[in-house]
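Here are a few notes from going through this one, mostly on the cysteines and the nonpolar cores. Have a look at the model first, then read on.

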Amino acid sequence: MAAGVELARRFERWLLPAECMACREPLARSEDELVCRVCVARWRAIPEPRCEVCGEPELPGAGCRLCAEWPAGFGPVRSAVRFDEGVRALVHNLKYTGWRRLSAVMARRMAPLLADIGDGDLVPVPLAPRRARQRGYNQAAELATGLARLTGLPLAPGRLVRGRETPTQTRLTPEARLANLAGAFVGRPSARPAWLVDDVFTTGATLTSAAQALLDAGAPHVGAITFARAEPPLSEAARRLGPFTLPLRDEELE
């Protein structure tokens with residue numbers, strides 16, 4: 001039995017890429033991971049102080065404007081790392097190139113953020129049917145499955161379904177994103193608390209729409225957790241104009 005397990009691990013290791021999925025530097029042959037330790041060490045946590053509801057960093061003495069109109073009962077939202085170039089590469093590979101095992105690496109970084117939440121279902125944000133068919137899996141569901149294994153919280157993907165197809169969110173303003181997602185999600189009746197799981201927090205439009213559907217279906221409160229969080233629009237614009245930065249690729253961020 002032990003010999004069979006070791007043989008399977010060797011075969012899996014043979015299938016792994018020879019380079020880090022973030023920086024493309026060679027991986028040590030003894031490493032079973034897809035991301036090198038240097039890149040993991042470079043992941044930036046979300047700085048303090050943060051809004052207690054949406055988790056966005058706040059300026060001292062200034063209130064948060066991002067979540068002022070969020071539905072009552074939604075929050076907190078927590079994110080593990082900042083969405084920089086290295087993290088962008090990982091999210092891209094998870095979503096578009098089939099490297100589903102990256103979700104396990106990400107879930108390990110996310111799990112400590114759920115240590116104090118008590119009971120609640122993990123509910124992955126569902127993909128639109130067309131995108132689900134194209135990709136063959138839902139990256140949010142992969143992350144939620146990893147979190148369920150690490151935390152013991154129940155996985156409940158059936159509590160939220162995508163009610164209709166929506167155009168891509170790329171290049172839409174926050175207001176347009178909310179309008180684009182109106183009625184996109186349908187919650188299944190449940191009186192249990194829920195924690196939405198997704199890969200990236202951009203403007204909060206997707207999570208807000210999904211949370212409203214769960215609240216309408218009976219959830220007493222809804223929180224959310226994502227692996228990465230995008231820079232606020234003004235900070236991102238300033239970063240792009242910096243003299244030593246590379247232009248970011250435009251990708252779908254939901």
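Is Cys 36 buried or exposed?

1. Keep in mind that this is a predicted model. On the opening question, Cys 36 comes out buried, at a relative accessible area of 9%. Its closest cysteine sulfur belongs to Cys 39, 3.6 Å away, and that is too far for a bond.

2. Cys 20 tells a similar story. Cys 20 is buried too, with 0% relative accessibility. The closest cysteine sulfur sits in Cys 23, at 3.7 Å, so this pair is too far apart for a bond as well. With a disulfide cut-off of 2.5 Å between the sulfurs, searching the whole structure turns up zero disulfides.

3. On to the packing. There are 36 residues in the largest nonpolar core, and Val 35, Leu 147 and Phe 227 have the most contacts inside it. Two or more residues each come from β1 (74-82), α3 (85-96), α4 (102-110), α6 (139-151), β5 (194-201) and β6 (222-229). The top contributor is α4, which gives five residues.

4. Phe 227 deserves a closer look in your viewer. Which residues does Phe 227 contact, leaving aside neighbours within four places in sequence? Among them are Trp 43, Val 87, Val 91, Met 106 and Met 110. The list also takes in polar or charged company, including Ser 79, Arg 109, Asp 198 and Asp 199.

5. Don't stop at that core, though. A second, separate one has 23 residues, including Cys 51, Leu 160, Ala 184 and Leu 215.

Key. Residues numbered from 1 in each chain as written. Predicted model: local features only at pLDDT ≥ 70, side-chain atom pairs only at ≥ 80, totals over all residues. Heavy atoms only, no water. Core = buried A, V, L, I, M, F, W, Y, C linked by side-chain atoms within 4.5 Å. Buried < 20%, exposed > 50% of the residue type's maximum accessible area, 1.4 Å probe, protein only. Helix = DSSP H or I, 4+ residues; strand = E, 2+ residues; numbered from the N terminus. Contact = heavy atoms within 4.5 Å.
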